[in-house]
Amino acid sequence: MIYGAECWPAKRKHTNKINIAEMRMLRWMCGYTRKDRMRNEYIRKKVGVAPIEDKLKESRLRWFGHLNRRPIEAPIRKIELLNFAHVQRGRGRPKKTWQETIRSDLNYLDLDKNLVTDRAK
């Protein structure tokens, strides 16, 4: 369900849909329905599963660390350096970028961007 999620700039809408689908599956595994009115925390505790939102953050930050440990000459790192200043944008709010998502994940977990060089941390 979250295959390749480390590469998308996940919006709140996407995270909510994935969370809903996960809870449906967990309820089904436990044999509960929504009519049973069991709390999500209780079901997660019973199954022993962490919230999928945390797993998404973990996979994004793992991929971010992998990218930043690559040499600057690597093709994947050259993409970061591309400048799109000359490209005309449409009207409205700018699209959410992957860098913004990573920045918010780092702020949420109170981590520093320079920690990526040490893989164990």
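This is a short walk through how several helices of this structure pack together, ending at its largest pocket. Please keep in mind that the model is predicted.

Let's start with helix α1, which covers residues 12-30, and its partner helix α2, residues 40-47. Their axes come within 10 Å and cross at roughly 60 degrees. Angles from 65 to 115 degrees would count as roughly perpendicular and those under 35 as roughly parallel, so this pair is called oblique. The crossing of α1 past α2 is left-handed. On the α1 side, the contact is made by N19, E22, M23, L26, R27, M29 and C30; α2 answers with N40, I43, R44, K46 and V47. Sorted by class, that gives six nonpolar, two polar and four charged residues.

Helix α1 has a second partner to look at, α3. Here the two axes come within 9 Å, with a crossing angle of roughly 125 degrees. At that angle α1 is, therefore, oblique to α3. If you would like to find the meeting place on the model, look for R12, T15, I18, N19 and E22 in α1, which meet I52, E53 and L56 in α3. The mix in this contact is three nonpolar, two polar and three charged residues. Two names may look familiar: N19 and E22 take part here, and N19 and E22 also belong to the α1 contact with α2.

Now follow α3, residues 52-69, over to α5, residues 98-108. The axes of α3 and α5 come within 10 Å and cross at roughly 110 degrees. That angle falls between 65 and 115 degrees, so the two helices are roughly perpendicular to each other. As with α1 and α2, the crossing of α3 past α5 is left-handed. From α3, the residues in contact are K57, R60, L61, W63, F64 and L67. Their counterparts in α5 are W98, T101, I102, D105, L106 and Y108. By class, this contact has eight nonpolar residues, one polar and three charged.

That brings us to the largest pocket, whose volume is about 550 Å³. Which residues lie nearest its centre? They are I79, F84, T97, W98 and Q99, out of 15 residues that line the pocket. The helices α3, α4 (75-80) and α5 each give two or more residues to the lining. The largest share, three residues, comes from α4. Overall the lining has ten nonpolar, two polar and three charged residues. W98 is a handy landmark for connecting the two parts of the tour: W98 is one of the α5 residues in contact with α3, and W98 is also among the residues nearest the centre of the pocket.

Notes: Residues are numbered from 1 along each chain as its sequence is written. This is a predicted model: local features need pLDDT of at least 70, side-chain atom pairs count only at pLDDT 80 or more; totals for chains, interfaces and linings use all residues. Side-chain values use heavy atoms; hydrogens and water are left out. On a 1 Å grid over the protein atoms alone, a cavity is a set of points where a 1.4 Å probe fits but cannot get out, and a pocket is an open set with protein on both sides within 12 Å along at least five of seven lines; lining residues have an atom within 4 Å of a point. Grid points are joined across faces, edges and corners, and a volume is the space filled by probe spheres set on the points. Helices (H or I, at least four residues) and strands (E, at least two) are DSSP runs, numbered from the N terminus. Ala, Val, Leu, Ile, Met, Phe, Trp, Tyr, Cys and Pro count as nonpolar, Asp, Glu, Lys and Arg as charged, and the others, Gly among them, as polar. Axes are lines fitted to C-alpha atoms, for helices over the stretch in contact, and angles run from 0 to 180 degrees between N-to-C directions. Angles under 35 degrees count as roughly parallel, over 145 as roughly antiparallel, 65 to 115 as roughly perpendicular and the rest as oblique. A crossing is left-handed if the near helix is turned anticlockwise from the far one by less than a right angle, and right-handed if clockwise. Contact means heavy atoms within 4.5 Å.
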